[in-house]
Amino acid sequence: ANALKGEADHCRAVGMDDYQSKPSPLAELKAVLEKWLPTTTATADAYALSAQSLAATQAVAAAVPVDVSILKGLVGDAPDLVREFLQDFRTSAAKITVDLRAACAASQMKAVVAAAHKLKSSASTVGAFALSELCAAMEDVGKTEDREALAVLLPRFEAEMAVVERYLDGL
C-alpha cells in the first residue's frame with residue numbers, strides 16, 4: 001500500500017524482486033506476474049486484449065460519474081462482488097464525507113487532508129474520477145492551508161458526491 005516516492009527502490013534494495021503499489025489494475029498486476037512467471041502465447045494475447053479494453057474503458061470514464069468497469073478490472077466482473085465493493089464504497093464515502101465536512105467547518109486542515117486523501121483513493125478505485133479529482137484538489141489546498149480555495153471546492157465536492165450517489169442508486 002505504500003506508494004511513497006522511492007519505496008519501489010527501497011523494496012528492491014532489501015531483496016524484493018519487484019514492487020506494485022495499490023490500487024493495481026488487473027492488467028498491471030498481470031504484467032508484473034507475467035514478468036516473473038512463465039507465459040504462453042495465449043497469455044500474451046489475452047494481455048494485449050486486456051490493455052485494449054482498459055484504454056476503451058478510460059474513454060467511457062469521462063462520460064459517467066462512476067465507471068464501474070474500472071472496479072471490474074480490479075476485482076473481476078462477478079455482479080455480487082462488484083455490488084459488495086460499491087456498497088462498501090458508499091458506506092465508507094458517506095462516513096468520510098461527514099468527517100470532511102466537519103474538518104472543513106472547523107478549519108482543521110490536517111483532517112481535511114487526511115479525509116480527502118482517503119476518499120480520493122477509494123473514489124478512483126471504483127471509477128469515480130471526477131470525485132477523486134475534487135478530493136485531490138481539496139487535499140492539495142488543505143496542505144497549503146488555503147481556506148478560501150477550500151471554500152470554493154467544498155460545494156463542488158458536495159455536488160459531485162450527490163451525482164455519484166444518484167448514479168449508484170440507479171445501478
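A crossing of two helices is called right-handed if the near helix is turned clockwise from the far one by less than a right angle, and left-handed if the turn is anticlockwise. In this predicted model, α4 passes α5 in a right-handed crossing. The contact is made by Val 68, Leu 71, Lys 72 and Val 75 on the side of α4, and by Leu 81, Val 82, Phe 85 and Leu 86 on the side of α5. Sorted by character, the residues of this contact comprise seven nonpolar, no polar and one charged. The axes of α4 and α5 come within 10 Å and cross at roughly 115 degrees, and the two helices are therefore roughly perpendicular to each other.

From α5 the path leads on to α6. Helix α5, which covers residues 79-105, packs against helix α6, residues 109-126, at an angle of about 155 degrees, and their axes lie 9 Å apart. Because angles over 145 degrees count as roughly antiparallel, that is the description that applies to α5 and α6. Here α5 passes α6 in a left-handed crossing. On α5 the contact draws on Leu 86, Phe 89, Ala 93, Ile 96, Thr 97, Leu 100, Ala 103 and Cys 104, while the residues of α6 that meet them include Ala 111, Val 112, Ala 115, Ala 116, Leu 119 and Val 126. The residues of this contact divide into 14 nonpolar, two polar and one charged. An α-helix has 3.6 residues a turn, so residues three or four places apart point the same way.

Helix α6 itself can be checked against the expected geometry: at 1.5 Å a residue, its 18 residues should span 26 Å, and the end C-alpha atoms are indeed 26 Å apart, so the two values agree. Within α6, the buried residues are Met 109, Val 112, Val 113, Ala 115, Ala 116, Leu 119, Ala 123 and Val 126. What covers them includes α4, α5, α7 (129-143) and α8 (147-169). After α6 comes Gly 127, whose phi is positive, near 95 degrees.

One residue of α7 deserves a separate look, namely Glu 139, which is found in that helix. Is this glutamate buried or exposed? With a relative accessibility of 6%, Glu 139 counts as buried, since the term applies to anything under 20%. When its neighbours within four places in sequence are left aside, Glu 139 is in contact with Val 113, Ala 116, His 117 and Lys 120. Of these partners, Val 113 and Ala 116 are themselves among the buried residues of α6.

Terms used:
Residues numbered from 1 in each chain as written. Predicted model: local features only at pLDDT ≥ 70, side-chain atom pairs only at ≥ 80, totals over all residues. Heavy atoms only, no water. Axes fitted to C-alpha atoms, helices over the stretch in contact; angles between N-to-C directions. Helix = DSSP H or I, 4+ residues; strand = E, 2+ residues; numbered from the N terminus. Parallel < 35°, antiparallel > 145°, perpendicular 65-115°, else oblique. Contact = heavy atoms within 4.5 Å. Nonpolar A, V, L, I, M, F, W, Y, C, P; charged D, E, K, R; others polar. Expected span 1.5 Å × (residues − 1). Buried < 20%, exposed > 50% of the residue type's maximum accessible area, 1.4 Å probe, protein only.
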